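Please look through the sequence and the model below before reading on. The paragraphs after them are meant to be read with the structure open.

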Amino acid sequence: MTAHTSLPRRAAAELIGTAGLLVVVIGSGLKAAELSPDTGVALIANSFVSAIGLGLIITLFGPLSGAHLNPVVTLTSWWARRTGGEGLGGPEVLVYVVAQTAGAIGGAVLAEAMFGRTPGTFATQALDGGHLLVGEVVATAGLVLVIRGLGCLGRDGLVPVAVAAYIAAAIWFTSSGSFANPAGTIGRSFSDSFTGISPGSLPGFVAAQLLGGILGLALAAFLYGTRGKDAASPEATQATQATQATQATQATQAREPEPPAGVGPDRAAYQAVG
């Protein structure tokens, strides 16, 4: 899907897409906090809007760059290529990660400026504690499992909806609030809001996200093995079987001798018996 798109254009798609994601996440959080003093109500609005925005961004930029928007997703693509599948090479990974990180920071600064706040102010919300890191491991592992699992099953068309739905749910069921994105986490350190994270909390969160990515890959490999998309897809399997049956029939017909001249199909049996 992205094979015929130049690397500069793919990098631009990753930068713009990740910037858009951070504008949606931070902007919706700022708006929700502005409209309601209730943190629960604000989180409902933030998770709902973030899911919608993420799904739209993946749909829009997926055909260009794959819409990774996340270094962990990019690294899983690199690993897929290393293990014989389709994915990115090393230089492409570096370009993607730089574009995603720059886009995340730019999106955060833009969101802050859009709401009349001082751009570039670092977040003061410290997110420390082992339980939060466990939450990030779970959130990121689940995200990778959703993406890789759908790929193995040949259900790539469901990725925008499935990923958006998963993130909306993970914001609520994980203790960390499901950052699940190293670039996004860095970007959110530039927003002193309830969606932000202090720079001092970045190393632990990024490490947990990378560990979660590895765990997600391991789970996907355990559950789906090395099956490719076509092998795992029931529709593709049926289509392959039908094609093989047609080819076998044609081969059989090609090997059958032609009847003697003057003997049609309806006379062949009589010719055989006398």
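What follows moves from the overall fold and its confidence to the nonpolar cores, then to single buried residues, and finally to a patch on the surface.

The coordinates are those of a predicted model, and the protein in it has 11 helices and 0 strands, so that, following the DSSP runs by which helices and strands are assigned, the elements read α-α-α-α-α-α-α-α-α-α-α from the N terminus on. Of the 274 residues, 43% count as buried, and the accessible surface comes to about 14,100 Å², with 67% of that area belonging to carbon and sulfur atoms. Among contacts with a separation of 6 or more, 77% join residues that are 24 or more positions apart.

Confidence should be kept in mind while reading any of this. The mean pLDDT of the protein is 86, and 81% of the residues score at least 70. The highest confidence is found in α7, at 98, whereas the lowest belongs to helix α11 (residues 268-273), with a mean of 31. Over residues 228-240 the pLDDT stays under 50, and the model has 17 contacts beyond four places in sequence for this stretch. Residues 262-274 also stay under 50, and for them the model has 3 contacts beyond four places in sequence.

Which residues of the largest nonpolar core touch the most other members? In this core of 19 residues they are Leu21, Leu54, Ile58, Leu69, Leu143, Val163 and Ile167. At least two core residues come from each of α1 (7-35), α2 (39-65), α5 (130-152) and α6 (159-173), and the largest share, 6 residues, is supplied by α6. Apart from this core lies another one, of 8 residues, including Leu30, Ala108, Ala111 and Ala183. Returning to the largest core, one can follow isoleucine 58, which, when residues up to four places away in sequence are not counted, touches Pro63, Ala67, Leu69, Val159, Pro160 and Val163.

Serine 178 offers a second place to look, in the loop between α6 and α7 (182-188). Is this loop residue buried or exposed? Serine 178 has a relative accessible area of 4% and is therefore buried, the cut-off for that class being under 20%. Beyond four places in sequence, its contacts are with Glu136, Ala139, Ile167, Ala170 and Ile171; of these, Ile167 is also one of the residues that touch the most other members of the largest core.

Further along the chain, threonine 185 has its place in helix α7, the element with the highest confidence in the protein. Because its relative accessibility is 0%, threonine 185 counts as buried. Leaving aside neighbours within four places in sequence, threonine 185 is in contact with Phe179, Ile197, Leu202, Phe205 and Gln209. Between threonine 185 and glycine 196, which are 11 residues apart in sequence, the C-alpha to C-alpha distance is 8.1 Å.

The last stop is on the surface, where Phe48, Val49, Ile52 and Leu56 form a nonpolar patch whose accessible area is about 390 Å² together. Valine 49, one of the residues of this patch, lies in helix α2, an element that also supplies at least two residues of the largest core. With a relative accessible area of 34%, valine 49 is partly exposed, because that class covers values between the 20% and 50% limits.

Notes: Residues are numbered from 1 along each chain as its sequence is written. This is a predicted model: local features need pLDDT of at least 70, side-chain atom pairs count only at pLDDT 80 or more; totals for chains, interfaces and linings use all residues. Side-chain values use heavy atoms; hydrogens and water are left out. A nonpolar core is a set of buried Ala, Val, Leu, Ile, Met, Phe, Trp, Tyr and Cys residues joined through side-chain atoms within 4.5 Å. Buried means under 20% relative accessible area, exposed over 50%, partly exposed in between (1.4 Å probe, protein chains only). Helices (H or I, at least four residues) and strands (E, at least two) are DSSP runs, numbered from the N terminus. Contact means heavy atoms within 4.5 Å. Accessible areas come from the Shrake-Rupley method with a 1.4 Å probe; for residues, only the protein chains shown count as cover. pLDDT is the predictor's confidence in each residue, from 0 to 100. Patches are made of residues with over 30% relative accessible area and no salt bridge: like charges are joined within 9 Å, nonpolar side chains (Val, Leu, Ile, Met, Phe, Trp, Tyr) within 5 Å. A salt bridge is a side-chain nitrogen of Lys or Arg within 4 Å of a carboxyl oxygen of Asp or Glu.
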